[in-house]
Amino acid sequence: MLFELVQFRAPRGDQFQQLGILASPEVHAYLGSPCPRDELERDMPEVPERWPGSFVVDLDGAMIGQILLRRATAHRRPAAVGKVDLGYLFLPRVWGCGYAAEACAAALAWLADALPGEPVVLTTQTANVGSMRLATKLGFTEVERYEAWGAEQWLGMRSPVALSD
């Protein structure tokens, strides 16, 4: 299991690594344009916000990604509204290593303990082959496809696992 090396933790002044993720054109290839680094540096708080469902993915003491589980209060698709939404961003240098799959699976396990029975949604562009593979691997199934931001989007849902007696 990869989590012998990768750990979850709360944000703690990872501005440099977080800037690398948020300003990366590669990371934002399917998310729209990255934010200009100078704007990010100006607007990023010195002490990061902490809230349940927000995780930093740490490898050997350095941030390699972030995961956010949040309630979808507003969404382009009615099927997602009110459900927990899984979002993730990882540094390009760790793509294809399995860290996102392991980290997202751990976040979903955390959610199952924190909010048993909650369905989870995930949205990605159909052109993002890696994210589509990850969604399938994590147990998401297609709810619908739709056009937004000039591209075809995929909305998947992961139903809660039935609890055994």
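Start at the hairpin: strands S2 and S3 are joined with two residues between them, and Asp60 in that turn has a positive phi of about 50 degrees. Strands here are DSSP runs of E of at least two residues, helices are runs of H or I of at least four residues, and both are numbered from the N terminus. This is a predicted model, in which local features need pLDDT of at least 70, side-chain atom pairs count only at pLDDT 80 or more, and totals for chains, interfaces and linings use all residues. Residues are numbered from 1 along each chain as its sequence is written, and side-chain values use heavy atoms, with hydrogens and water left out.

Next, select residues 54–59, strand S2. S2 runs antiparallel to S3, and six bridges join the two; strands are taken as paired if DSSP finds at least two bridges between them. To find the register, pick Phe55 in S2, whose bridge partner in S3 is Ile67.

Extend the selection to S3, residues 62–71. Seven of its ten residues are buried, so S3 is largely enclosed by the rest of the structure. Buried means under 20% relative accessible area, exposed over 50%, and partly exposed in between, with a 1.4 Å probe and protein chains only. In a regular strand the side chains alternate between the two faces of the sheet.

Now add S4. Seven bridges link S3 to S4, and these strands run antiparallel. Arg71 has Val84 in S4 as its bridge partner.

Stay in S4, residues 84–90, and select Leu86. Leu86 counts as buried because its relative accessibility is 2%. Show its contacts (heavy atoms within 4.5 Å). Leaving out residues up to four places away in sequence, Leu86 touches ten listed neighbours, including Ile67, Leu69, Cys104, Val121 and Phe140.

From Leu86, move to Cys104. The two C-alpha atoms are 8.2 Å apart, with 18 residues of separation along the chain. Cys104 has 0% relative accessibility and so is buried. Cys97, by comparison, is partly exposed, because its relative accessible area is 40%. How many disulfides are found in the whole structure? The search finds zero, a disulfide being a pair of cysteine sulfur atoms within 2.5 Å.

Last stop: Gly139, in the loop between helix H4 (129–137) and strand S6 (141–148). At 39% relative accessibility, Gly139 is partly exposed. Select Met157 and Arg158 with it: Gly139 touches both, residues up to four places away in sequence not being counted. Gly139 and Arg158 are 5.8 Å apart from C-alpha to C-alpha, and 19 residues apart in sequence.
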